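Visitor: Could you walk me through this structure, please?

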Number of protein chains: 2
Amino acid sequence: MAGHVSDAVIRRLPGYYRHLRELEAAGVTAISSQELGERMHLTPSQIRQDINCFGGFGRQGYGYKVADLKGHIGEILGLTQEHRLIILGAGNIGCAVAQYPTFSREGFRTIALFDTQENKVGRCLGDIPVLHMDTLETFVRENVVDIAVLALPKRNAQEALDHLYEYGVRAIWNFAPADLNHPDDMLVVNVHLSDSLQQLSYRMAHREHP
Amino acid sequence: MAGHVSDAVIRRLPGYYRHLRELEAAGVTAISSQELGERMHLTPSQIRQDINCFGGFGRQGYGYKVADLKGHIGEILGLTQEHRLIILGAGNIGCAVAQYPTFSREGFRTIALFDTQENKVGRCLGDIPVLHMDTLETFVRENVVDIAVLALPKRNAQEALDHLYEYGVRAIWNFAPADLNHPDDMLVVNVHLSDSLQQLSYRMAHREHP
DNA sequence: CATGTATTGCCAATTATATCACAATCCGGG
DNA sequence: CCCGGATTGTGATATAATTGGCAATACATG
């Protein structure tokens, strides 16, 4: 199992996790691929195949135990270990990420925000301090930082990434609307809000019944 | 041409648009599929095939005219017509969307935010008013609203969607971390920030060289 | 205006992804 | 403890997406 997992499967994993959490919260203890498929708008076959990339978590004639499966998928997603984040840019997006309620439940802990604007530096969001961008290097070298979130203007994003690499950060969650260049041993996942909105626009322009 | 365009192509279109805009800004007037492919990390073949879904915009022995191609793709994406947005939820995400700089350039115009918290209602973000959620129905019935952005807590999202449908809105850009039920003639595009961060976590947990 | 070169458009081949079908097997009830 | 009904795990098949290859053709040059 887990020989090679395709991108398509990885994209669906968080969806499984989300639905399983909801089912667990609703008190459902077991579910079949049939039922889960109806819920998620996927075929039962696809669900069984996806889950089987990682091993046989189900039981014939019964289905999957919700709590077990959620646990396994959480582990596969790496949510059992804590991730320490810093956020570059304390604007709306940076603050939104810092305060997003579900992240902390999933092991993502924001330890600091960074900004250049003097009126933002020194404040706190909850218990997260907003530090000056000039102190970034020292901070990163003296603290464990697993992920850096880029929530700053496009023009500063590439330079910030280059510095972060130099200081040792190897994973980036990027909100700047640009495809940043990065070394092979650095992971970059883009959010690209604009792309998502443009997809909606495309579908509106091309839907059959207007 | 344009018989049926696959999801995979639609997902890539905004990327083409973004890169073409950058090229145009950089003063590049023409580009080959080869060069564009290197820039975007796609094969030249794929680029030619993608673009050909919509017609032959290129010229043999020469490549594509950047401005022309950008214009065509903008049109295909529906960016030539204005879209009027309302945003439900004036928290960090709602405000981030309202003030996101590139949206207005692409024809997306936010005309109002809605919230239930009294201390937010009555203020403005730039020239966009924050109105009380109770006035949503009246507002939507009296104004043209093309897209509603859901930037409110998960527990309120489904109900909000149902109301919006009733009032006549037929396109939703959803930031709530839930897969909302919706009628067939309503378009819903999800952002699901958590999914994106979990994908990063997955890749961190499974990368070869730690 | 003729010629060589670069590059598209497009069809074929390959690879990836999703679905189907069914044997293996586990649960629950009697 | 055994049997019936349900549901998984999985190999085979179908469908979709990507890449390769090449003829057609437009541009640039002299």
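**Protein around the DNA**

Guide: Helix 1 (7–25) and helix 3 of chain A, along with helix 3 of chain B, each supply at least two residues of the surface near DNA strand C; near means that a heavy atom of the residue lies within 4 Å of the strand, and helices are DSSP runs (H or I, at least four residues) numbered from the N terminus. This is a predicted model, in which local features need pLDDT of at least 70, side-chain atom pairs count only at pLDDT 80 or more, and totals for chains, interfaces and linings use all residues. Residues are numbered from 1 along each chain as its sequence is written, chains are lettered from A and ligands numbered from 1 in the order in which they are written, and side-chain values use heavy atoms, with hydrogens and water left out.

Visitor: Which helix gives the most to the surface near strand C?

Guide: Helix 3 of chain A does, with 4 residues.

Visitor: And which residues come nearest to strand C?

Guide: Of the 26 residues around DNA strand C, the nearest include Ser45(A) and Asn52(B). Sugar and phosphate make up 64% of the atoms of DNA strand C that come within 4 Å of the protein.

Visitor: What does Ser45(A) lie 3.0 Å from?

Guide: A polar side-chain atom of Ser45(A) lies 3.0 Å from a base nitrogen of DNA strand C.

Visitor: Switching to strand D, which helix gives the most there?

Guide: Helix 3 of chain B gives the most to the surface near DNA strand D, with 4 residues. A polar side-chain atom of Tyr64(A) lies 2.9 Å from a phosphate oxygen of DNA strand D.

Key. Polar contact = N/O pair within 3.5 Å; in protein donor to acceptor, adjacent residues only side chain to side chain.
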